Amino acid sequence: MSSKQAAELALSVFATSDAGLAMIAPDDRVLMTNPAFERLFGGAPPSELLARLQIASWGEAAHQEPVLTVNGRTLRIKVMALPPGYFVNCEDITDQFDRSAREAKLARTDRLTELGNRQLLRERLQALLHDSGPGRDSHALLTIDLDRFKAVNDALGRNIGDALLCLVARRIRATVSDQDVIARLYGDQFGIIQSNRPQPASAIALAQRLRDLLSRPYMLEGQLIEVSARVGIAPLTQGTTDADQVIKNADLALNRAKQDRAADYCIFESSMDQTMRARRALETDLRRALALREFALVYQPQFDLQSGRVTGLEALLRWNSPTRSPVSPMEFIPLAEETGMISLIGEWVLRTACRDAAAWPDDITVAVNVSAVQFANRALSTTVLSALADSGLDPRRLELEITESVMLDARGTALGVLQRLRATGVRVSLDDFGTGYSSLGYLRSFPFDKIKIDQSFVRGTSEDPGNRAIVRAIASLGQNLGMATVAEGVETTEHMERISTAGCTHVQGYLISRPLPPEQVIAFLAVSKTAPPTSVSDRSKVA
Ligand code: C2E
Ligand code: MG
Ligand code: MG
């Protein structure tokens with residue numbers, strides 16, 4: 001091809017290209033443009049474009065590809081040094097650009113509520129955290145969780161649940177300012193980044209407004225729905241650099257607010273993180289404890305004041321961890337209940353206690369504490385019956401100790417389980433009576449065999465006449481209902497005297513005996529048959 005032919009070809013490509021092409025002199029004079037270039041810039045003088053591009057300053061380094069918006073179009077511009085000037089190629093990427101902008105927006109939007117989503121919240125947080133200026137202290141993250149949302153969702157169905165979330169989103173949007181970022185994090189949890197305000201005062205004010213507005217009733221498909229909201233606040237103080245950490249901090253504060261019935265909101269403090277870590281470590285160890293055989297039972301005698309004999313023993317769980325100092329059941333049982341581990345642990349307790357008791361004299365009972373969470377599982381009665389069958393223990397020698405919280409279950413599952421078990425001969429005691437709701441209705445709704453009066457009343461009998469009156473009242477209530485009454489926590493002879501005058505039928509406490517390891521129970525029972533309670537307690541000091 002001759003050079004003339006090549007030049008003609010280049011010219012026709014130049015003239016017909018879809019891209020806007022131009023040759024520009026180093027002094028910004030336009031030497032040559034193609035029709036696409038003129039179409040692109042329409043009435044806009046190329047001088048304006050040139051001013052924005054500042055071609056003269058590009059020199060030899062003309063390799064960048066800036067994206068500019070001119071006349072509402074998005075253009076990617078390539079500039080190439082081509083002596084005697086510059087060759088400019090403008091590509092219209094408006095459609096492509098809009099699509100990716102749309103996709104980016106969609107990826108950061110919560111489809112249900114059309115608020116932002118977790119990704120958006122994280123990115124905006126991260127951007128604020130990069131800013132190390134004095135303004136850093138003027139931002140805070142708030143996380144919001146609805147109380148009772150799950151109940152609404154379960155009872156009224158997902159569609160109503162979703163519609164409720166949209167209404168909540170709308171109320172949140174109406175509460176915050178335009179510059180704040182709102183997102184739905186998951187389920188019924190929302191997040192707000194509040195920026196450029198005095199903190200934490202502004203976040204607290206917002207939390208109170210949210211709490212107020214979100215707990216007003218909602219009307220959905222003719223139903224009036226009430227939920228309320230709790231708020232966790234994490235200020236973006238200096239020193240935090242990680243968005244996920246801030247989200248976690250707000251969640252910790254939110255959890256604290258949920259635990260405290262009276263709190264609408266809670267502000268994160270670093271001690272919460274430590275408490276949470278300690279709890280998680282305890283949980284990890286507890287999960288292993290059953291498999292590693294770190295649990296043991298001890299047995300505390302119950303003394304019958306009428307016959308002057310020990311009639312039964314209560315099984316109490318101990319956790320002998322090789323790495324921890326002794327952990328009280330008051331600390332690890334609630335954790336086991338929250339995590340659901342109590343079902344497995346409770347089954348171990350039942351089976352072990354029945355097996356141990358089967359070796360005791362025939363007239364001695366064993367009492368086992370069963371927590372409310374265990375009753376949520378219908379398999380509990382099967383477990384009890386199987387523990388009895390495997391050990392060969394007579395059902396009449398097993399007593400289940402339950403607390404009032406068991407009776408609070410509205411569906412009556414627990415009551416059904418208790419009735420079924422009682423029909424087989426198993427006995428049922430009401431533990432810690434006097435501390436909870438102490439509703440007399442519970443005493444009527446189930447024929448308990450025993451009422452155990454909480455130790456706080458028993459130990460308080462010496463100082464407080466009120467306590468004495470309560471013990472007396474419960475004892476006479478038991479007498480009238482045909483239920484035995486056990487005073488717990490009897491430590492001194494003085495307690496013992498007051499308890500027996502009050503009319504209780506049984507006592508349990510350090511005065512009779514501390515809880516005993518299983519291997520000492522039989523010997524203890526042999527001695528107690530022949531000795532009065534105080535000498536029994538002398539004997540128990542060995543344990
Ligand atoms: P509880 O069922 O009311 O058990 C009585 C608690 O009082 C036991 O504490 C016992 O050691 C203690 N105690 C007995 N006599 C005296 C006394 O004279 N003075 C004092 N100061 N304390 C006395 P422990 O063993 O620490 O158990 C605490 C609670 O943990 C129990 O209260 C029970 O609610 C729960 N628990 C223990 N073992 C189990 C179990 O196997 N399953 C379940 N679900 N809960 C258990
Ligand atoms: Mg008990
Ligand atoms: Mg008790």
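Biologist: Why is Lys248 called partly exposed?
Modeller: Lys248 has a relative accessibility of 32%. Buried means under 20%, exposed over 50%, and partly exposed in between (1.4 Å probe, protein chains only). The value 32% falls in the middle band, so Lys248 counts as partly exposed.

Biologist: What kind of model is this?
Modeller: It is a predicted model, where local features need pLDDT of at least 70 and side-chain atom pairs count only at pLDDT 80 or more, while totals for chains, interfaces and linings use all residues. Residues are numbered from 1 along each chain as its sequence is written, chains are lettered from A and ligands numbered from 1 in the order written, and side-chain values use heavy atoms, without hydrogens and water.

Biologist: What makes Lys248 and Asp273 a salt bridge?
Modeller: Their closest N and O atoms are 3.8 Å apart. The rule asks for a side-chain nitrogen of Lys or Arg within 4 Å of a carboxyl oxygen of Asp or Glu, so this pair passes. The two residues come from distant parts of the chain: Lys248 sits in helix H9 (residues 243-259) and Asp273 in helix H10 (residues 270-289), 25 residues apart. Helices are DSSP runs of H or I with at least four residues, strands are runs of E with at least two, and both are numbered from the N terminus.

Biologist: Is Asp273 buried or exposed?
Modeller: Buried, because its relative accessibility is 11%.

Biologist: How do you know that Glu338 and Arg279 form a salt bridge?
Modeller: Their side chains meet at 2.7 Å, N to O. That pair also links distant parts of the chain, with Glu338 in helix H11 (residues 329-339) and Arg279 in helix H10, 59 residues apart. Glu338 is exposed at 56%, while Arg279 is partly exposed at 31%.

Biologist: How many helical turns separate Lys4 and Glu8?
Modeller: About one, because they are four residues apart in helix H1. Their salt bridge spans 3.6 Å, N to O. Lys4 is exposed, at 60%. Glu8 is partly exposed, at 47%.

Biologist: How many salt bridges does a search of the whole structure find?
Modeller: It finds 30. Some are linked: Glu314, Glu401, Lys452 and Glu488 are in a network.

Biologist: How do you know what coordinates the magnesium ion (ligand 2)?
Modeller: Look at the distances. Glu314 (OE), Asn369 (OD1), Glu401 (OE) and Asp431 (OD) coordinate ligand 2 at 2.0 to 2.2 Å. Donors are N, O and S atoms within 2.8 Å of the metal (3.2 Å for Na, K and Ca), so these atoms qualify. Water is not among the atoms, so sites may look incomplete.

Biologist: What makes Asp431 a bridge?
Modeller: Asp431 coordinates the magnesium ions, ligand 3 and ligand 2, which are 4.0 Å apart. The donors of ligand 3 are Asp431 (OD), Asp432 (OD), Glu488 (OE) and Glu488 (OE), at 2.0 to 2.6 Å. Asp431 is buried, at 7%. Asp432 is partly exposed, at 25%.

Biologist: Which residues come nearest to ligand 1?
Modeller: Arg318, Asp431, Gln455, Glu491 and Tyr510, of 23 residues around it. Near means that a heavy atom lies within 4 Å.

Biologist: What makes the approach of Glu491 to ligand 1 a polar contact?
Modeller: An N or O atom in the side chain of Glu491 is 2.6 Å from a nitrogen atom of ligand 1. A polar contact is a pair of N or O atoms within 3.5 Å, so this one counts. Within protein, one atom must be able to donate a hydrogen and the other to accept it, and residues adjacent in sequence count only if both atoms are side-chain atoms. Asp432 also has a polar side-chain atom 3.1 Å from an oxygen atom of ligand 1.

Biologist: What is unusual about the backbone at Pro200?
Modeller: Most residues other than glycine have a negative phi, and most peptide bonds are trans. A cis bond joins Gln199 and Pro200, with omega about 0°. Pro200 lies in the loop between strand E8 (189-194) and helix H8 (201-214).

Biologist: Where is Arg148 found?
Modeller: In the loop between strand E6 (140-147) and helix H6 (149-156). Arg148 is not a glycine, yet its phi is positive, about 70°.
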